[in-house]
Amino acid sequence: MSETFDSIVIGAGQAGPAMAARLAATGERVALIERDQMGGTCVNTGCTPTKTLVASAHAAWLAREGARYGVLTGPVSVDAARVRARKDAVVLAARGNVTRWMENTAGITVIRGHARFTGPHTVAIDDRQLTAARIFVNVGARATVPPVPGIDTIPYLTNADVMDLDVVPDHLIILGGSYISLEFAQIFRRFGAEVTILEAAPKFLGREDADIAAQIHEILTGEGIRIEVGITDLSFAPADHGITARFRTAAGDDVALTGSHLLVATGRLPNTDDLGLEAAGLSADPRGAIPVNDTCRSAQPHIWVLGEANGRGAFTHTAYNDFEIVAGNLLDGEDRKISDRKPVYALFIDPPLGRIGMSEAEASAAGHRVLVGTRAMARVSRAVEVGETRGMMKVVFDAETRQLLGAAIIGFHGDEAVQFLLPALYQRLTDHDIRSMTGIHPTVTELLPYAIADAKEV
Ligand SMILES: Cc1cc2nc3c(=O)[nH]c(=O)nc-3n(C[C@H](O)[C@H](O)[C@H](O)COP(=O)(O)OP(=O)(O)OC[C@H]3O[C@@H](n4cnc5c(N)ncnc54)[C@H](O)[C@@H]3O)c2cc1C
Ligand SMILES: NC(=O)c1ccc[n+]([C@@H]2O[C@H](COP(=O)([O-])OP(=O)(O)OC[C@H]3O[C@@H](n4cnc5c(N)ncnc54)[C@H](O)[C@@H]3O)[C@@H](O)[C@H]2O)c1
């Protein structure tokens, strides 16, 4: 059976549904193909569920910390099944919204199944053949599992199946020490688990400046999380009640550590290996991404790749922005580019890290002479009043133009407050421009101009 559409969208992640809806609104007949759950990673096994778990973990933390605030609670325990039920309800609602949106939009045909190119303009789902003038690929990524000796002899979790856990692990070992690892590490530690992070890289959070990484390290170890950085000679073996990890520490000690559960959080790989790319006349780069130009167009001009599969962003907001770029250029006569997008993200530990633009290290490496201003959260009155004084804020300016290059806040409301500086980044405002603005008292944001006032050349 062969069916003809105006456009085919493969994958209902963060860009696909919005793309399908915009195309359908112009009167097109659009096929949207999804092999698993509508909403993709973010809704089902990524942002949404993790942030509900972060909220439950925060509730457990506050309940234990209650006495600091004069609030006396009894013994605090965590009912993992209820935590999961709350998470499932939020995820189901979000997934339901996307599903209803797509199924009830005139012009969109939702097709369930695995899509594979059979030619530059044709896609097969089982024995169904679809043809379209334009194809939009939004297939996302999945967890990678490194070939550590013994890993195939033990049970392990990834970010997807850890979502089904309804017990609190006695001892959770986490392989990898980046975003996914740190969020889950704190979640499960606050639920009552012993948590050990095993990271192969020699530096903890090497993408962040050393002072920011040190604050995060202190927050997590301060809550009792063990972090081993620079481990080598890792292997796994089954143990009576879980798994044993053997490794050599950075100090050269040989360690055998037994945990009840292992979570693998060592990065993600685009879902491009089973897409029949060669039939479309395309190929993936060594990291599995499909190369695109600055407007998300692949080497085949009628095939666009949006979201993680294009290797140009690994966040929900970058995937959605890809949709805005493609739709803006194709349907609204705009001239939008990926390279116009500033890097922004958060690490949702508590308190969170919010990051925009360049780090100090990135700015220096790019050849800027930099001015750096910092302020401890202990000198932010709102943080003191709330009793959450861990962390710091940091701003980075170009010493010659005095324009903002980047900022980081690890601390109370850091994910929100740092975005006060986004217009400054996009509009190339100077330290003087920003310092002329007065923020609301008492907020974290109001102190950013003071950190800026203290900025010095380093
Ligand atoms: C634990 C975790 C927490 C995260 N937290 C955050 C966060 O707080 N903030 C943030 O910005 N980002 C976060 N991310 C990253 C974010 O989830 C992803 O960057 C985002 O979902 C990528 O969107 P996407 O549209 O590229 O792909 P996805 O959301 O992965 O969607 C791709 C879809 O395509 C489908 N698909 C794949 N291949 C085929 C095929 N051949 N045929 C049909 N369908 C197919 C998949 O089933 C999937 O539904 C997190 C990720 C994880 C794992
Ligand atoms: N808050 C957020 O926005 C958020 C949260 C979670 C995930 N994400 C997205 O998910 C993506 C994947 O996150 P991630 O944390 O899995 O991957 P990552 O690529 O950020 O980090 C993987 C880590 O695992 C380590 N590692 C790799 N192989 C190892 C091994 N064999 N032994 C020990 N350590 C090893 C690496 O050195 C690295 O530190 C990120 O790029 C991010 O965009 C975003």
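A crossing of two helices is left-handed if the near helix is turned anticlockwise from the far one by less than a right angle. In the predicted model described here, the crossing of helices H1 and H4 is left-handed.

Two packed helices are described by the angle between their axes and the distance between the axes. For H1 (residues 16-25) and H4 (residues 80-103), the axes come within 10 Å and cross at roughly 25°. Because angles under 35 degrees count as roughly parallel, H1 is roughly parallel to H4. On the H1 side, the contact is made by Pro17, Ala20 and Ala21; H4 contributes Val98, Trp101 and Met102. The residues of this contact comprise 6 nonpolar, no polar and no charged.

Further along the chain, an open sheet is formed by 6 strands in the order E17-E18-E21-E20-E19-E22, with antiparallel pairing. The edges are occupied by strand E17 (344-347) and strand E22 (456-457). Each of these has a single partner strand, so one side of each is left without a neighbour in the sheet. Strand E22 pairs with strand E19 (residues 370-376) in the antiparallel sense, over 2 bridges. In one of the bridges, Leu371 is partnered by Glu457 of E22.

Helix H6 (residues 210-222) packs on this sheet. The strands touched by H6 are E18 (353-357), E20 (392-398) and E21 (404-410). The direction of H6 makes about 15° with that of E21.

Notes
Residues are numbered from 1 along each chain as its sequence is written. Chains are lettered from A and ligands numbered from 1 in the order in which they are written. This is a predicted model: local features need pLDDT of at least 70, side-chain atom pairs count only at pLDDT 80 or more; totals for chains, interfaces and linings use all residues. Axes are lines fitted to C-alpha atoms, for helices over the stretch in contact, and angles run from 0 to 180 degrees between N-to-C directions. Helices (H or I, at least four residues) and strands (E, at least two) are DSSP runs, numbered from the N terminus. Angles under 35 degrees count as roughly parallel, over 145 as roughly antiparallel, 65 to 115 as roughly perpendicular and the rest as oblique. Two residues are in contact if their C-beta atoms, placed from the backbone, lie within 7 Å. Ala, Val, Leu, Ile, Met, Phe, Trp, Tyr, Cys and Pro count as nonpolar, Asp, Glu, Lys and Arg as charged, and the others, Gly among them, as polar. Two strands pair if DSSP finds at least two bridges between them.
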